[in-house]
Amino acid sequence: MRSVRDIVKYHSMGLSIRKIHDATGVAKSTVADYIKRFKELGLSIEQIDVLDDDALKLQFFPDVASVVVSRKAMPNFNYIHQELKLRKKTKVTLYLLWEEYKEDNPDGYQYTQFRVYYRRFVKKTQPLHAPDTPCG
């Protein structure tokens, strides 16, 4: 939001789009877009300065707040990870756990996306995991 504030400030000082681009390094088309949004909002520079970053973001980019998040059920990766830890004893694989997940969630994630989310989970919980940690 720093660049939005800078662009609005430079615009209110009377700088051209090209000069604002040179000063901020933001693409001229983006500078023009932010100026257009600023004018459409009808806010003063003082009102912009008072807004915190979240409020400013909602003002300039209201569509971002209304983006629909996936309605697919997220797998229980804690359970999946525990099951995979026991895989030598139980012969469980990530694919078998995905099939179990799909039985309960027919509209759920496909196997490739399931693996991507599982790997992210492992990376977050064990950033320096051992090579023998199951990642599918």
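This is a short dialogue on reading helix packing and aromatic pairs in a predicted model.

Student: Which elements does the chain have, and how many helices are there?

Tutor: Helices are DSSP runs of H or I with at least four residues, and strands are runs of E with at least two, numbered from the N terminus. Here the chain has 10 helices and zero strands. Local features need pLDDT of at least 70, side-chain atom pairs count only at pLDDT 80 or more, and totals for chains, interfaces and linings use all residues. Residues are numbered from 1 along each chain as its sequence is written, and side-chain values use heavy atoms, with hydrogens and water left out.

Student: At what angle do α9 and α10 pack?

Tutor: Axes are lines fitted to C-alpha atoms, for helices over the stretch in contact, and angles run from 0 to 180 degrees between N-to-C directions. For α9 (residues 94-104) and α10 (residues 111-125), the angle is about 110 degrees, with the axes 11 Å apart. Angles under 35 degrees count as roughly parallel, over 145 as roughly antiparallel, 65 to 115 as roughly perpendicular and the rest as oblique. The two helices α9 and α10 are therefore roughly perpendicular.

Student: Which residues make the contact?

Tutor: Contact means heavy atoms within 4.5 Å. From α9 come Leu94, Tyr95, Leu97, Trp98 and Tyr101, and from α10 come Tyr111, Phe114, Arg115 and Tyr118.

Student: How many aromatic pairs are in the whole structure?

Tutor: Rings of Phe, Tyr and Trp (its six-membered ring) pair if their centres lie within 6.5 Å. The search finds 11 aromatic pairs, and one aromatic cluster is formed by Phe77, Tyr101, Phe114, Tyr118 and Phe121.

Key:
Rings of Phe, Tyr and Trp (its six-membered ring) pair if their centres lie within 6.5 Å; planes under 30 degrees apart count as stacked, over 60 as edge-to-face and the rest as tilted.
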